[in-house]
Amino acid sequence: AQAAARVALNRRNQIVDGEVVLKIAKELQALLTSEAESGNLGYLPPETLDAGSPRQRPRQLKTGGLYSRRAVDHAKKEEFPDAVADLLRALLRPNLDATARDKLMATMVDFLKKADKKRAKVAQDGDLSELFDALEMDDDGTKITDIDMAALKKKYRELSVKYHPDKNPEAGPRFNSIRDAYEILSDPTKTVLYDTGGMDLVRKHEGGGGDLSRTENVEKQVTVDLKDVYVGTARNIGNSRRVVCRSCRLHPELPRCQQCKRCPGVMQQRQRWLNDHQYTMETMEIPSDEKCTQDSQQISISIEKGMLSGDRINHPGMASQLPKQIPGDLVVSVMVRPHALFQRFGSDLAVTVNVSLYEALLGCERELEHLDGHIVRFSVPRGSVVRPGSGLEILGEGMPLREDPTSFGRLIIKFGIDFPDAIDESGGTALENALRGIGLGPEPLRVPRTPRRGPRQGRRGGEL
């Protein structure tokens, strides 16, 4: 009886002829009887329905009247599959008189029509099952939010070729329904809008969405190393949000809908009269017919080469959902940790390299391990003097440019000179003689009135 009721009320069948439903129930009962006689039992009807739940009840009752009364109770709660099933159990009882049969049948037809009317009414806000039907697919997924996109795309390609107007001129409407279904189901935002508000909301969204509300954006932050924005990488962050349970308003019997609860209602202002002359405004909640649940998933954040600290990555539609609203965005801010060696200035990098006094005067060579491990070699040739604060520029060894990752900024080498803390007597004498020998003796005792410009020119030892 329960199986026949589900067949009758299935959206694809929508049977309102009571005799047809009874015939289906009798055929299923005959099949079960045949299996029992052959010993090949494929299904045993339970003695208790909805065991372990608050709706637990016995499957079999003693009289047709008890079945009828329980069916009416189910119908008052709009539990039409259970109501029709109870009436079928009463109609399948042996030795049922014609008058009782006619009353039970009339009641069942009434419930079938009410169920069909209810389905049509709630489907006005969008029935995703119709879109799956257009693509000849079943929405039997166990996940609330995920649709098998690979299967969806494969089916769309197959049907769009089969029903393309160029090959099948009379299939224009069918081709359009396939295209529309794919465009909605392949876009998570359109899917939510169609599921909770029908095609009108989808069209508004496609027109710019000016009349549609949006849920709030979610702001998150990810911290990375300088190396990460030099070579590029990816990071995963957790994102927990409220999602509208797909198709659960119309098809709460789906297994995935069992974890869902009612969505938050819409808050509205209304007048409440205190007396004939005064009223106050109060906020009231309009309960939602949709079902929602919490969904947690890891989101992959692409850290691009050349990103700056404070750059933001936008993931559209990944904020919490509400019925008939455009989901907000997940906005991730990238923060870059300071590096122990490299300093960043836009697309340039700078490092400070200390050299000895010997190297400052006589030249030096260095090797620098870059952020990605490659070696940068640079030198100051003998004969050039490294002065405090001087440096080198190496083109193409800075940070990659985000807009063109194959181009790089500069690497700036800043020199620091390590002067000795002290020089002993013998070393000082040798150093003095060497410096005087290349014309770098002491300056005059008297400070000149006009400061000398530019670096000091070498002069012969003893020359003033």
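## A hairpin with a short link

Let's start at a pair of facing residues: Pro400 stands opposite Phe408, which belongs to strand S16. The model here is a predicted one. S16 covers residues 404-418, and its partner is strand S15, residues 391-401. The two run antiparallel and are held in register by 7 bridges. Getting from S15 to S16 takes a hairpin of 2 residues.

## Another hairpin, with a glycine in the turn

Strands S13 (residues 364-369) and S14 (residues 375-380) are antiparallel too, with 6 bridges joining them. Here Glu367 faces Arg377 of S14. This hairpin has 5 residues between its strands, and Gly373 in the turn shows a positive phi of about 100 degrees.

## Two open sheets

Strands of a sheet pair through backbone hydrogen bonds, and they can do it parallel or antiparallel. One open sheet has 3 strands in the order S3-S10-S9, with mixed pairing. Strand S3 (218-224) and strand S9 (312-315) are at the edges with a single partner strand each, so each has one side without a neighbour in the sheet. From one strand to the next, the twist averages 25 degrees. S3 and strand S10 (residues 330-336) run parallel, joined by 7 bridges. If you want a spot to look at, try Lys220, which sits opposite Val332 in S10.

There's also an open sheet of 3 strands in the order S4-S8-S5, and its pairing is antiparallel. Its edges are strand S4 (233-244) and strand S5 (261-262); each has a single partner strand, so one side of each goes without a neighbour in the sheet. S4 pairs with strand S8 (residues 291-303) over 12 bridges, in the antiparallel sense. Within that pairing, Asn239 has Gln297 of S8 as its bridge partner.

## Two helices side by side

Now for some helices. Two packed helices are described by the angle between their axes and the distance between the axes. For helix H7 (residues 149-162) and helix H8 (residues 172-185), the angle is about 165 degrees and the axes are 10 Å apart. H7 and H8 are therefore roughly antiparallel to each other, since an angle over 145 degrees counts that way. The crossing of H7 past H8 is left-handed.

Which residues of H7 and H8 make the contact? From H7 come Met149, Leu152, Lys153, Tyr156, Leu159 and Ser160, while H8 supplies Arg174, Phe175, Ile178, Arg179, Tyr182 and Leu185. Sorted by type, the residues of this contact are 8 nonpolar, 1 polar and 3 charged.

## Two residues to look up

Is Arg70 buried or exposed? Arg70 is part of helix H3 (residues 64-76). Its relative accessible area is 14%, so Arg70 counts as buried, the cut-off being under 20%. Setting aside neighbours within four places in sequence, Arg70 is in contact with Leu49, Arg57, Pro58, Arg59, Leu61, Asp86 and Arg89.

Gly18 is in helix H2 (residues 18-38). Gly18 is buried as well, with a relative accessible area of 2%. Beyond its neighbours within four places in sequence, Gly18 is in contact with Met105, Met108, Val109 and Leu112. How far apart are Gly18 and Leu185 in sequence and in space? They are separated by 167 residues in sequence and by 35 Å in space, C-alpha to C-alpha. Leu185 is one of the H8 residues in the contact with H7.

Note on methods: Residues are numbered from 1 along each chain as its sequence is written. This is a predicted model: local features need pLDDT of at least 70, side-chain atom pairs count only at pLDDT 80 or more; totals for chains, interfaces and linings use all residues. Side-chain values use heavy atoms; hydrogens and water are left out. Two strands pair if DSSP finds at least two bridges between them. Helices (H or I, at least four residues) and strands (E, at least two) are DSSP runs, numbered from the N terminus. Buried means under 20% relative accessible area, exposed over 50%, partly exposed in between (1.4 Å probe, protein chains only). Contact means heavy atoms within 4.5 Å. Axes are lines fitted to C-alpha atoms, for helices over the stretch in contact, and angles run from 0 to 180 degrees between N-to-C directions. Angles under 35 degrees count as roughly parallel, over 145 as roughly antiparallel, 65 to 115 as roughly perpendicular and the rest as oblique. A crossing is left-handed if the near helix is turned anticlockwise from the far one by less than a right angle, and right-handed if clockwise. Ala, Val, Leu, Ile, Met, Phe, Trp, Tyr, Cys and Pro count as nonpolar, Asp, Glu, Lys and Arg as charged, and the others, Gly among them, as polar.
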